Every structure is written in C-alpha cells, then in structure tokens.
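Visitor: Hello! Could you walk me through how to read a few features of a protein model, step by step?
Guide: Gladly; let us put the model in front of us and begin with the idea of a contact.

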Amino acid sequence: MLKNYFRIALRSMLKDKAHSFINIIGLSVGMAVALLIGLWIYDELSFNKYHRNHDRIAQVMQHATYNNERYSLIYNPYHLGDVIKSEYGSQFKYVVMSTLPGSHVLKYGNDNFMKMGNYMDAETPEMLSLQMIRGSRSGLGNQSSILLSESLAQTIFGKKDPIGKVLKIDNQENVTVTGVYKDIPDNSDFKDLLFIAPWKLYLAMNPSLKAMSDPWSSNNWATYVQLAEKVDMEKVSEKMKDLRARHMKSTSVALFKPIVFLHPMRKWHLYGEFKNGVNVGGKIKYVWMFGMIGVFVLVLACINFMNLSTARSERRAKEVGIRKAIGSLRGQLIGQFFCESILVAAFSFVLALALLLLVLPSFNGLAEKKMSIPWSNPVFWIAGILFSLFTGLIAGSYPALYLSSFQAVKVLKGTFRPGRSASLPRKILVVLQFTVSVVLIICTIIVFRQIKYAKDRPLGYDSDGLITTDLTPQISNHFYAIRNELKQSGVIDDMALSSNSTIDWNVDVTELYWKDKDPGLSIIFPFNNVSYEYGKTIGWQIVEGRDFSPEYPSDSSAFILNQAAVRIMGFQHPIGETIEWHGRPYKVIGVIRDIIFESPYRPVNPSIFNMTGNVSLVVTLRITRQMPPSKALDKISAVFNNYDPSVAFNFQFVDGQYAKRFDDEVRIGKLAGFFTILAIFISCLGLFGMASFMTERRVKEIGVRKVLGASLFSIWGLLSREFLLLVTIALLIAMPVAFLFMHGWLLNYAYHTSMSWWIFALAALGSLLITILTVSFQAIKAALANPVKSLRSE
C-alpha cells in the first residue's frame, strides 16, 4: 500500500513540475535554515561540555555593593584558594587559583612569542580533563615547569620534540616543558588557554603579594573549584556566602556587604549576566531568539506548501471524487496526501543538506564558529529522518484534511466549487507569512540602528591613530629617551604611560573620602595612574581646571576627575576640593569630559586619574597623521626593539579594540539579517506561486476583459489588489508586535536608540514594493497575453 502511495505521489509531482519545484525549493530553504540554527544552538548548548566534570566545576564569585548597586564579580584575593582548602576542604576535590586571562611573553632562543595563557594551580589539567598528547597531567608539579597546547608547541618548536625544552616566561624565569595537551575546542571558555604555568611560580615572581598587610583588599585573581562526589553545589554555595565577611575588615563589610557564591560551569556561557546580584540569563536569550526564528522560517516554508496544495484543489477534486466512488476511505486519501508531502519533504531534506554544505563555511565566518556537519553520527541521521517526517506531516496536514473532505457526488456531477470560504485559510496563512517577515525586517533594522547609535556615542577622546602596547621594564627605564626619539623623527605626536589602557581598566579604588560624603556610601572608582603626557596623547577634553603638567611638582598629589565622579561626589565647584586616599590628601585640579572605557551601552562610571607613578603597565602612542600607519609602525617597532630586543613589539589600535565591544550585537544583527532575507525569499516564493496559480485560474476572465477594452494597468490592479490587501493586513499586525518586542529588547541597554516612525514606514514600503515586484511578473505576463489563445475554445 505504501509503495503504491509513493508511486502515485511521485507521478503527481512529475505531472506538475512547476508546483513541485516551488514546494521543494521553499521547503529545502526552510529546512536548511532550521538545520543551520539547530547546529548553532547545539554548539551553544554544548559549551564547556568538553570538560568531563563540567557539571561539578564552578567559579568562585562574589556579590558586592558599589555605587548603590549590587555587582557580581569574578575577582578574588590571591590567597582565597588556601582559605577555601583550610575551611571547606572536604567539600571540594580541587581548588585552583588562576591569573586572569592575558598575554605573556615566551622566549625560546632568540624568538619571542606573545601568547595567551594563565598561571594556575597544579590540579588544573585534571580538573579541566585536558587530553595530553605528550607528558602527563601531573606536569605542573614542579615550580619551573610549563604545559603547552598542541598548536603553541608546533608554533614554537615545529616538528621537534618539545618535552624538556627550556623557555623563559615574561622575561623573568626559565621553565621546562613537561607536557603538551590537545587544543581546547572553541566552544569552551578556556579556548584561549595556550599554556599553563604553575601558580607557585607566579607567587615566587611576585613576592610583594605575601607582604601585603591586608590581602583581602586586593582582588585581581580568579578561583575555580571542582566539587567532591555527592556534594550539592547549592548547599556548599550557601555555606560559603559569609566567607569574605568573616575575614575582611568590619568597615569594609558594612560598606560592600560581600556575599560569596559558586557559579556553575554549565551556566558560564549562557547564563553569565547578573543585575543587582540576580542572575538574569545572558546569551540564552539569543538561543531562544534564533530557535524561534528557525521555527518561524520552517513554518513559512510549510505554509507555502499548504497554500499551493489547497489552491490547486479544483485540479485534484475529480481524482478525490473517483477514488471515493470506487471505495477509497477518507483515511486512505489522507495517507495518500501525507505520502506526497513526506516525499516532497524527503527531496527537500536532501537539497537542504546540499545547501547546508554550501553555506556552512560562510555561516561559520558570520557566527565566528567552527561547526561541521556530523556525517558519521547516527543520531544526526535519525534526527534528520524524524525532522523530514515531522516537516512533511506539518506541511501536508491541512492539504490532506482539506482535499480528503471533498464530497464525491458534487465533484462528479460537476457542481463542486471551492467557494470564497475555501480561500480564507490561504489568505490567513499569507498574512501570517508576511507578519513574520515584517517583524524580522523591523527587528533587524532596529538592531543595526542600536549598534550605530552606540558607535556614534562620543568617546570623550580621539581614538584615531591611537595605539597601545604593554610596558616592559626596559621600555619603562628608557621611556623619555624613546619618546624624544620618536617625536623628533616625526613618527608620533606624543606618548604616555598609564596603569590601564584607554578602553580596558582593571584597577579600581574604593576607600576615598571627601567633604560631606555619606558614611554608608560605597562607590567603586576606576583608577588610572598616568604620566603627565597622557591627556595630550589621547586627546581628552578638559571642561574645568587644567591638565597635569611638569611645571607643577605638586601634581603628584593631585586628581583629575571625570564628570561622572563630580556628580557622584556632589561637588558644585570641584577645582580645589580635597579627596583623601590612603590617609593622604589629594587636590582636584581638573575635570574631563566622560570617557567611555567600558561598555558603550552603559552609563560612564565615575573615574579618577592621578600621577603617583606607582604602577604603569601600558604605553599609549598617537601616530602622526602625516605618515602612513604601516611606515610609522615599522619605525616605532625598530625603536622599541632597539631598547628592548628581548620582547617583540606587539600593539593594538584603540579604535579596533573599541570596535570589538560591538562584536556580539553586530554578529546577532548579521545573523538576524541573514535569516530575515531567507524568510522574505520563502514568503516571496509562495507569493509567486499563488500569483501564478491565480493568474492561470483567471486566464479566460482576463481574456474577456481585454477583448472588452481593459487596460494593462487595470488588469495588473485586478490581479495585484488582493495580495496588496493581505500584505497591508500583515503590516498592521506586525508593526505593534515588533514595537513591543524591540521596546523590551532596547530596555536592556541604558544607552539606547529610539524607535522612529520611519523604521516602520521603511519596512512597510519595502514589504509592499517586494509584493508588487513578486506579483507583477505574473500579472503583467497575463495582461500582455493574446486573448485569442485563452478564448479560442469558447
């Protein structure tokens, strides 16, 4: 029976090739989109599952109150791991301290390599279940050892055996390679961990840490734990919440109200956002969003199948009537029509796989992924077969039920007419198609408008031609010699030192006191130690007072505030005000316009600049506009290498680094735009098929109208009017839906664009124009046809 069903289904498809082609193309595009999004969602949901114990690994974090808001921070004091082991040792299998991700210099022979890696405790390879290629996971037991990733080992040593080779790390200590591990995949938060050096070595290289009078006041390190067997993470997290409060000064506890908690690895990627101490999700919202887009696009393709199948009901009516007359049951007819839709879905699935193979490399570049089709995975093929069956059943459900309901007597007597009510479901489906498409168009426009709005936000400084590089001891010792040489050669306009780069601040201060400060107020101030050339180098804008200057030796005891800090402190006339820090008074000598150094979507935090000169980590240079950047960089590199040949000159353009702040939104916008184009294509494909059918059905009416003198424009209007009306209804539904959805999305950003009327007008105009272009081809073709050909048999 099934064999007969499929034979008839194949004949039916071959009989009406145009209809079958539109159905297969539409379904294949819809299925390819669903498969693409399915692969993307699978990659997102499998994040960090490379690590065998991912469900028992967590990061130690803290909630703390600053600026009257609860912040959730990953930063911990360097000795927190030892405290956890001593107080909660039985609860954890491993406790690992780590430096924050950053670049370090590895030197082999005369070659220097600036690579990402961490100093971490010796248990790290076991906790992360690293796959060792050479050596063992116990390779960090020796303080002077190092583990390299496979790719880094090949970069440094080529085909040589790396085991036993000696490297110099950060130009300070020699370390011996004791192991090589397989590269950690891209869908892991440790993907950039190219090497691991011992935490004990880090402590030995920084003896000042153990000399700190209050180690709890400095928080610049990360802490990871793996739970012991049969230990509940929530219960342990609850036990640890007062860990910091029990060890910190009572005054600090009263101000910051610290609460320690464990953030599970399974939530790092998709649930990494906190607001006021509450986990509010994160990238999971994009998983839901693209999941819905995938469903909608597939539904659009299924709607095309339903519409075109039911629109051709008159052609199939006699077939249904004859089958019923010779004894076919309605259930058998439903089975027959389902077989047709499943066969179309099967052909579409094969074509969808071909499309997927074709576009996946480009999609990977767009999404910044390294996904591949799991051809050898039987689960993929089982899921593919089920997916095809499901799509075929959904697409064929309405046509099967509708066509099988025809009455044999009316059909065979010739009195069967579908009537106006029969076209109502098709009209509803067309409206639904364009409603989804218009919502996607509006959403995509607003996403890109929000990105542009944030990009156009004034930075508070001039980023053009600004570069940063890490400060080494040799460069620090010869800073002014290098600056003078570069300025005299006309390569740079100026050059400065700072503890933070312009867009990435890692140093904060909290214990500041000023006149009339509320004793219960706890505020975190991003803090930047700079040389006096800094303001001129980056081009900040002084709005009150003056800049740092070598003419004023007292500037070493002076502060420059940004406007946000002035507002927080409540200064009416900030110049000359005194701020106490570490028991020393500092005079405010200047106020600068707010500089964006964190998220471009959030308000600027209050920040402070001074010239104490305690810590300088970054060199900032402004390349002159009179010289091509490539030539200037070559000269800068030569000068830096002349003063410090031990380290390769590595630099970053500030505007390029700032642009990376928009990566997530740009990526989401591009993906949404990509899927929107495909959704519009599917909708237009269905509209084209419907227009083709309607034109074919009314060919004699058009012939009579032409004979009676109807113009080309009137016939075009006759055939286009109904579709334009349906699209207009879709617009009226889509606009408020898109407004409500995007209004909620924009509220996630403190600094956001508005939804101007022209966005909706543009989407409406574009949708109507697309409809006109799609329908007009068939309408004009019919209007230009010779009426004699359609009326010769009358």
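Guide: Contact here means heavy atoms within 4.5 Å. Please keep in mind that this is a predicted model.

Visitor: Thanks. Which residues does Q450 touch, not counting residues up to four places away in sequence?
Guide: Q450 touches Y601, W745, L746, Y749, Y751, H752 and T753. Its own place is in helix α15, which spans residues 419–455.

Visitor: Is Q450 buried or exposed?
Guide: The general idea is a cut-off: buried means under 20% relative accessible area, and exposed means over 50%. Q450 has 0% relative accessibility, so Q450 counts as buried.

Visitor: How much of the protein chain counts as buried?
Guide: Of its 794 residues, 53% count as buried. The chain exposes about 37,100 Å², and carbon and sulfur atoms supply 59% of that area.

Visitor: And how many helices and strands does the protein chain have?
Guide: There are 26 helices and 26 strands in the protein chain. As for how contacts spread along the sequence, take those with a separation of 6 or more: residues 24 or more positions apart account for 79% of them.

Visitor: I would like to see that for a single residue. Where is the place of M97?
Guide: M97 sits in strand β3, residues 92–99. Its relative accessibility is 2%, which is why M97 counts as buried. Beyond its neighbours within four places in sequence, M97 is in contact with P77, Y78, L80, G81, Y119, M120, D121, W199, W221, A222 and T223. You can also compare sequence with space: M97 and K200 are 103 residues apart in sequence, while their C-alpha atoms are 9.9 Å apart.

Visitor: What does the same kind of reading give for F256, in sequence and in space?
Guide: F256 and Y66 are 190 residues apart in sequence and 6.6 Å apart in space, C-alpha to C-alpha. F256 lies in helix α9, residues 250–256. With a relative accessible area of 7%, F256 is buried.

Visitor: Now K210, please. Is K210 buried or exposed?
Guide: K210 counts as exposed because its relative accessibility is 61%. K210 is found in the loop between α6 (199–205) and β11 (221–227). Leaving aside neighbours within four places in sequence, K210 is in contact with Y78 and L203. K210 and H79 are 131 residues apart along the chain, and their C-alpha atoms are separated by 8.8 Å. Y78 links back to an earlier stop on our tour, as Y78 is also among the contacts of M97.

Visitor: Let us turn to helix pairs. What describes two packed helices?
Guide: Two packed helices are described by the angle between their axes and the distance between the axes. Here, helix α23 (residues 699–707) packs with helix α24 (residues 712–746) at an angle of about 150°, their axes being 10 Å apart. That makes α23 roughly antiparallel to α24, given that angles over 145 degrees count as roughly antiparallel. The crossing of α23 over α24 is right-handed.

Visitor: Which residues of α23 and α24 meet?
Guide: From α23 come E701, I702, R705 and K706, and they meet I715, L718 and L719 in α24. Sorted by class, this contact has 4 nonpolar, no polar and 3 charged residues.

Visitor: Could we try another pair? At what angle do the axes of α17 and α20 cross?
Guide: The axes of helix α17 (residues 479–488) and helix α20 (residues 629–643) cross at roughly 150° and come within 11 Å. The two helices, α17 and α20, are therefore roughly antiparallel to each other. α17 passes α20 in a right-handed crossing. In the contact, A481, I482, E485 and L486 of α17 meet K635, I636, V639, F640 and Y643 of α20. By class, that makes 7 nonpolar, no polar and 2 charged residues.

Visitor: One last feature: backbone angles. What is phi of D170 near?
Guide: Phi of D170 is near 50°, a positive value in a residue other than glycine. D170 is placed in the loop between β8 (166–169) and β9 (173–181). N171 is found in the loop between β8 and β9 too, and its phi is near 55°, again positive in a residue other than glycine. At 28% relative accessibility, N171 counts as partly exposed.

Methods. Residues are numbered from 1 along each chain as its sequence is written. This is a predicted model: local features need pLDDT of at least 70, side-chain atom pairs count only at pLDDT 80 or more; totals for chains, interfaces and linings use all residues. Side-chain values use heavy atoms; hydrogens and water are left out. Helices (H or I, at least four residues) and strands (E, at least two) are DSSP runs, numbered from the N terminus. Buried means under 20% relative accessible area, exposed over 50%, partly exposed in between (1.4 Å probe, protein chains only). Axes are lines fitted to C-alpha atoms, for helices over the stretch in contact, and angles run from 0 to 180 degrees between N-to-C directions. Angles under 35 degrees count as roughly parallel, over 145 as roughly antiparallel, 65 to 115 as roughly perpendicular and the rest as oblique. A crossing is left-handed if the near helix is turned anticlockwise from the far one by less than a right angle, and right-handed if clockwise. Ala, Val, Leu, Ile, Met, Phe, Trp, Tyr, Cys and Pro count as nonpolar, Asp, Glu, Lys and Arg as charged, and the others, Gly among them, as polar. Accessible areas come from the Shrake-Rupley method with a 1.4 Å probe; for residues, only the protein chains shown count as cover.
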